Each structure stands twice: as structure tokens, then as C-alpha cells.
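Here is a quick briefing to read with the model open beside you. Keep the sequence handy and look up each residue as it comes along.

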Amino acid sequence: MLNGKKSSQTIQDAHLFQLTPLFRSFEHLSREVLEKLAEEIISSGWMTAITEKHYTLTEKGKKELERSLIECPIPSSLNGWLYHSTGELFWERITLLIQVISQLNNNNVKYLPIQRKRGVHEWLKDFLRTSGFDRDTVGGMLYRELVQCLEELKDINPAVLTLRLTGYSRIGLTAVQASEQLGIKQDYYHHQFLGAIHHILESARENSAEYPLIDKIVSGAGNAVQLTLSAQKTYSLLKQGQDLAEIAKIRRLKKSTIEDHVVEIALNDSSFNITRYVSEEKQKLILHAANSADSLQLKQIRQIVPESDYFEIRLVMAKLGEGQ
């Protein structure tokens, strides 16, 4: 989930346990590093193993978690699920645009582009040619939009972004250098940086008229939430009226795999009607059970509503249960 692996199970778990803001928030975190961190946490007495690879916080650990979240809160604007695929491309585009406009305004043509990807360079050329914005005023316009947007950040220092920007006679800092200058840990800096990017994207999404230039930069950066390729194929067959058993036969997949796809579809498509698979009465029973259970573990919910199978529970929680 932290790596952003788009499997049906990962997507379902991210929604079920309300972890969507953290989706792909540590893309390059390895299992080896994660296991080493787990060992360190156990050694500190903050966590104990209940089974292999399954842990629970101790009372000491819960207090440490509360203290850590007060000292280093997760940014309220962080939304890895919605913006994990858009944020990186947006950053590449806007940093190159700022650099190029800055150099042009100072009549300098001898510099090394901060971004090397050919696609980003082609986007910038097309943007300057067809955007409808006068290149002589783009710099000031972008500055005003960014200042207005970043001033609305409540729990993030805008410097997490501005320190990274490159322009005329100015070289932006690396992530490591920026975190050191701000005096915060690199992992916390990373979340702050993502939170600031996601805040900008959300602002442009909610009020494109207020941020026309940022909105233009974001345009075409990609659809943030997409079905896995396999789920798309299943959805296409569902729309043709095929039932789950028929789709499993056509696609030569297990029925449980097709059920995973249906749950994924329910998570992504707000218009998807699940009453074909779970009656409205049973949906209410499952939601009531979810609210009554000690946790959102499917096993506990099923103990309260044994007449429901795991597919029905997962589907109801995917469609209606997040935020319960």
C-alpha cells in the first residue's frame, strides 16, 4: 500500500482501513527496510508480535504514537490515493516551467534544464505555444497563484516546495538538503512535500477559475484513480450483462479473482450498483455489524452477520463502509 501497488487486495485494504491518504506515500520503501524498522520498534518495547509478520502496539507504543503524531502530524492535505499518479508529473512540469520562464525573463539561454524527460520538455514547448498565456506574464501570474494557494496551507511550511525550485541564478535544493535546512527528518519532510503538492492539485481541482494557470499545468497529467487492467476487462464484461461465473469462465480466472475486481469497481465507480450482488436489507445488516464490531476485520463482521459471505461484506464496505 505504501509502495502504491495497484492490486485489488491492496486497493480494497487501503479503503477498508481508511489508509487511502498514505497510498504510494513511500514508493521506494523496501520490505527489508520495513522489517528492520519493525525490529527496532519491537526492541523499543512499542510493539509486540502476535503471529509471524503480524504485530500489535503495546500501551507504551500507543503513547509514543500519540506523541509522534502531535510532533509530526500527517498533513491533512495528503491524498495519495487520488493524486499519486498526477503529483509527480505536475511537479516535473511546474519546476521546468518556472526555470524556463525565469531564464527567459532574464534573457539567459545557457542553462541546464532541471528536468531531463523528453515528454516534459515536449509538454512545455506545446504549453508555451498553445496555452493562450503570454509568456511575458506567465511568471507573475504563476507566482500569484502559487502564493495564494500556499498561503492556505495550514499545517505545512511552504518552504518544503519553494526551497526546491530552480530559476535564474538560483539552484533548487535536493529533498535531503531541504529537510536538513528545515531541521526535520527526511521521512517527515517527504510527507510534507507530498501534502503541499496534493494541496495545490486539490485547490485547482475545486476552483479552476481561481487557478487557471495551475489548472492548465495539471490538465492532461493523467487520471488519478484508475482500475487495474484486469478489473477493466471484467467491468467491460459486466456491462455486457455477464454474471460472475460466466466472466470467470470466459477469462479463465477463479471466481474469487472476479469478485476482487467487482470490489475494486465498487471502490472506483460511484454509480456502480451493488444490489445485484447484495440485497439492500443485507447491506444494512453488514453496515450495522461494521459499526458494532471492535475492528473492521472482515472476520469479526462476519461473526455478527454469519448469513453474509466475505464477498458481500467486502463489497458493502467498499461501496458504503469507508468512514464508518
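**A salt bridge to start with**

Let's begin with D260 and R314, which form a salt bridge whose closest N and O atoms are 2.4 Å apart. This pair ties together distant parts of the chain, since D260 sits in helix α14 and R314 in helix α17 (residues 310–321), 54 residues apart. Both D260 and R314 are buried. Bear in mind that you're looking at a predicted model.

**The whole protein**

- Count the elements along the chain and you get 17 helices and 2 strands.
- Measured out along the principal axes, the box filled by the C-alpha atoms is roughly 75 × 55 × 35 Å.
- The protein has 324 residues, and 41% of them are buried.
- Take the contacts with a separation of 6 or more: 64% of them are between residues 24 or more positions apart.
- About 18,700 Å² of the protein is exposed, and carbon and sulfur atoms supply 51% of that area.

**More salt bridges**

- How many salt bridges does the structure hold? There are 11.
- The basic idea is simple: side chains of opposite charge can pair when their charged atoms come close.
- E64, R67 and E71 are joined into one network by salt bridges that share partners.
- D126 pairs up with R129 in a salt bridge, with 3.0 Å between the closest N and O atoms.
- Why are D126 and R129 about one helical turn apart? It's because they are 3 residues apart in helix α6 (residues 118–130).
- D126 is partly exposed, at 34% relative accessible area, while R129 counts as exposed, at 61%.
- R205 and E202 make another salt bridge, at 3.7 Å from N to O.
- R205 and E202 are also 3 residues apart, this time in helix α10, so about one helical turn separates them.
- R205 is exposed, with 55% relative accessibility, whereas E202 is partly exposed, with 25% relative accessible area.

**The second largest pocket**

- This pocket has a volume of about 440 Å³.
- Its lining is made of 22 residues, and the closest to the pocket's centre are I98, Y143, L146, T162 and L165.
- Which helix gives the most to the lining of this pocket? That's α5, with 7 residues.
- Four helices, α5 (87–105), α7 (135–150), α8 (159–162) and α10 (186–206), each supply at least two residues of the lining.
- By type, the lining residues of the second largest pocket divide into 16 nonpolar, 5 polar and 1 charged.

**Two residues with positive phi**

- S169 isn't a glycine, yet its phi is positive, near 60°.
- You'll find S169 in the loop between α8 and α9 (175–182).
- Is S169 buried or exposed? S169 is exposed, with a relative accessible area of 69%.
- R252 isn't a glycine either, and its phi is positive too, at about 55°.
- Look for R252 in the loop between α13 (244–251) and α14 (255–268).
- R252 counts as exposed, because its relative accessibility is 78% and the cut-off for exposed is over 50%.

Methods: Residues are numbered from 1 along each chain as its sequence is written. This is a predicted model: local features need pLDDT of at least 70, side-chain atom pairs count only at pLDDT 80 or more; totals for chains, interfaces and linings use all residues. Side-chain values use heavy atoms; hydrogens and water are left out. On a 1 Å grid over the protein atoms alone, a cavity is a set of points where a 1.4 Å probe fits but cannot get out, and a pocket is an open set with protein on both sides within 12 Å along at least five of seven lines; lining residues have an atom within 4 Å of a point. Grid points are joined across faces, edges and corners, and a volume is the space filled by probe spheres set on the points. Ala, Val, Leu, Ile, Met, Phe, Trp, Tyr, Cys and Pro count as nonpolar, Asp, Glu, Lys and Arg as charged, and the others, Gly among them, as polar. Buried means under 20% relative accessible area, exposed over 50%, partly exposed in between (1.4 Å probe, protein chains only). Contact means heavy atoms within 4.5 Å. Accessible areas come from the Shrake-Rupley method with a 1.4 Å probe; for residues, only the protein chains shown count as cover. A salt bridge is a side-chain nitrogen of Lys or Arg within 4 Å of a carboxyl oxygen of Asp or Glu.
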